[in-house]
Amino acid sequence: MTTYEQMKAVYKALSEKQGRDITVIDISDISTLADYFIITHGSNTPHVDSLVECVQETMAKAGAQCRSQEGLRGGRWVLLDYGDIVVNVFSKEDRLWYDLERIWRDGRIVDMSSGETEQETTTTLLVYHNNLSSGATDTEVTVKLPDNVKLKSAEADTTTSFANSVRSKQNTI
């Protein structure tokens, strides 16, 4: 199971156990600490304990070993470190107090409502540019788009539209 699949499984398990305001933050581009932070809170101490237990069961089924556990007693803030995934289960009050979403705001919030899977998209664009020494030319460029960037269409008109946009910006320089 990939890290992304594990993250989705944890999200699903927390949703099924009524985790509150589940937030997934992709921090892979800004930190080597982990790829994903998952943050949620329970409505009371037994609920927090139940959420922690469901994460532990889900990750055990996925074959992931918990590297570190903090705060298991007390039900206020429990941190489960699975290496590439760090799960934070809070009481509502502690979640508001520590505000991890603010601390990790440079990360990318993962939209889990769409149900789409992560994919790496490679596309080829035809870019028109004006080289002063050789005149106008077209250049084919292959780019990897991040998983959160979606193209409306792979049709030629999208490429043409993009190339015209690039052309107009280059001509104004």
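Let's start with one pair of residues: Leu 79 stands opposite Asn 88 in E5. This is a predicted model, and that pair is a handy way into its sheet. Here 6 strands form an open sheet with mixed pairing, in the order E3-E4-E5-E2-E1-E6. At the edges are strand E3 (68-70) and strand E6 (108-109), each of which pairs on one side only.

**Around strand E4**

- Strand E4 (residues 77-81) and strand E5 (residues 85-91) run antiparallel and are joined by 5 bridges.
- Within that pairing, Leu 80 has Val 87 in E5 as its bridge partner.
- The hairpin of E4 and E5 has 3 residues between the strands, and Gly 83 takes a positive phi near 85° there.
- E3 also runs antiparallel to E4, with 3 bridges joining the two.
- Glu 70 has its bridge partner in E4, namely Leu 79.

**Two faces of E4**

- In a regular strand, side chains alternate between the two faces of the sheet.
- On the covered face of E4 you will find Val 78 and Leu 80.
- The uncovered face of E4 carries Trp 77, Leu 79 and Asp 81.

**Helices and the sheet**

- Helix H1 (residues 3-16) lies across strand E1 (20-26), strand E2 (36-42) and E5, and runs at about 5° to E2.
- Helix H2 (residues 45-61) packs on the sheet as well, where it touches E1, E2, E3, E4 and E5.
- The direction of H2 makes about 165° with that of E5.

Conventions:
Residues numbered from 1 in each chain as written. Predicted model: local features only at pLDDT ≥ 70, side-chain atom pairs only at ≥ 80, totals over all residues. Heavy atoms only, no water. Pairing = 2+ DSSP bridges. Helix = DSSP H or I, 4+ residues; strand = E, 2+ residues; numbered from the N terminus. Contact = heavy atoms within 4.5 Å. Axes fitted to C-alpha atoms, helices over the stretch in contact; angles between N-to-C directions. Buried < 20%, exposed > 50% of the residue type's maximum accessible area, 1.4 Å probe, protein only.
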